[in-house]
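Hello,

Here is the structure I promised to pass on to you. Please open it first, and then read my notes beneath it.

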Amino acid sequence: MRRGLWALLCTALALLFALSLLTPWGALAALYGEDRGLALLLLQELRLPRALLALTYGAMLGASGAAIQGLFANPLASPDLTGTTSGAALGAVVSAYLLGFTGPLALSAGAVAGALGALLLLLALAGPRAETATLLLSGLAISALAGALTTLALALAPSPFAFYDAYDWLMGSLIDRSLEQAAFAALPALLCLALLARMGRGLDALTLGEEVAQSLGHDVRRMRLAVVTAAIPAGRCFRRRRSGARCCLPPTWWCEAHRSVGRCRSAS
Amino acid sequence: MRLAGLRQRTLTGDRVSLEQLLVRPPAVLLRSNYRAGQYSGEQRWLSHPLAARVRAGKTLQTDGRRWTCMGPLLAGEIERLRKESAR
């Protein structure tokens, strides 16, 4: 049944991906009739990056959200609790408005630098062997600090468009992106997805509590560090969309759903 | 814009995307060149590889500051835009 469910999900995903490329169909068909080359370029250079970014960011937000919720054992937890999302926004704003690095890839690099800076600050504050509660509190403090600094940077920016662009920062957008930007987003996201997938069993065990997970042979400290680090690409996603959308499928829900068939067993 | 002989196309949310410019190129593209050297999120589409393929009939430049207050400072700008769009 599990294979059937995966097949159904993959089929639905492929169908939605194709729909996002081809709709609105009328405009594409009309352009194809006038200039075939331009229509294919539009499909390849505008719609394909948009669809790829939606797929990548959706997968990254879902995976990192589920991992963070498993780590903090709270279905309301999200990657922005680590402070990396606010750090990414600060990095992007400083790069574009204060340092003048305005190219799309330079902006993304600035966001990554900001997220990495927030992560290093988190590790410095909480320590590499910190407990989950300490990580959570440190992350909240960094998030608040980075948010305030972002507002200050926008206020002090020499560009008069900084506050107009705040709407864009808040709502986010996937339109008018290039294949280069999609590749720049996809590569680290895929690496982090692979890392989180490898930790799947450990994250499932974590829903039973840190002591139980440790007793089952999972290195909880290493998992904490890996999950928080994997939230960096999610931070870049949140640079696009800062609505604070909660990510789906917390491991606690998944575990409860399978409790009736004995998939989650307590070590005690 | 109306006084300058330009009719704004109806846009969803008053925003236009690069795809819309490519699929239905406008007769006139009116762009603000105010602080063109500063970063603006709304103008980042200009750096997209397909931006050069926009087939607008004519691109007119204007200083966006004068459009902020819609006062008498716009009178000269309206006349200038009318002459340029008629060429």
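Below is what I found, going from the whole of chain A to one of its residues and then to the contact with chain B.

Please keep in mind that this is a predicted model.

Chain A as a whole: its secondary structure consists of 12 helices and 0 strands. If you walk along the sequence, you will meet the pattern α-α-α-α-α-α-α-α-α-α-α-α. Chain A has 268 residues, and 37% of them count as buried. I also looked at the contacts in chain A with a separation of 6 or more: 76% of these are between residues 24 or more positions apart.

One residue to look at: Leu193(A) can be found in helix α8, which covers residues 179-198 of chain A. Is Leu193(A) buried, partly exposed or exposed? Leu193(A) has 19 C-beta neighbours inside 10 Å, so it counts as partly exposed; a buried residue would need 20 or more. Setting aside the neighbours within four places in sequence, Leu193(A) has contacts with Ala59(A), Met60(A) and Ala63(A). You could also find Thr56(A) in the viewer: 137 residues separate Thr56(A) from Leu193(A) in sequence, while their C-alpha atoms are 9.7 Å apart in space.

The two chains together: how many residues does each chain bring to the contact? Chain A supplies 23 residues and chain B supplies 18 residues. On the side of chain B that touches chain A, 7 residues are nonpolar, 6 are polar and 5 are charged.

Enjoy exploring, and write back whenever you like.

Best wishes

Technical notes
Residues are numbered from 1 along each chain as its sequence is written. Chains are lettered from A and ligands numbered from 1 in the order in which they are written. This is a predicted model: local features need pLDDT of at least 70, side-chain atom pairs count only at pLDDT 80 or more; totals for chains, interfaces and linings use all residues. Two residues are in contact if their C-beta atoms, placed from the backbone, lie within 7 Å. Ala, Val, Leu, Ile, Met, Phe, Trp, Tyr, Cys and Pro count as nonpolar, Asp, Glu, Lys and Arg as charged, and the others, Gly among them, as polar. Helices (H or I, at least four residues) and strands (E, at least two) are DSSP runs, numbered from the N terminus. A residue is buried if 20 or more other C-beta atoms lie within 10 Å of its own, exposed if 12 or fewer, and partly exposed in between; C-beta atoms are placed from the backbone.
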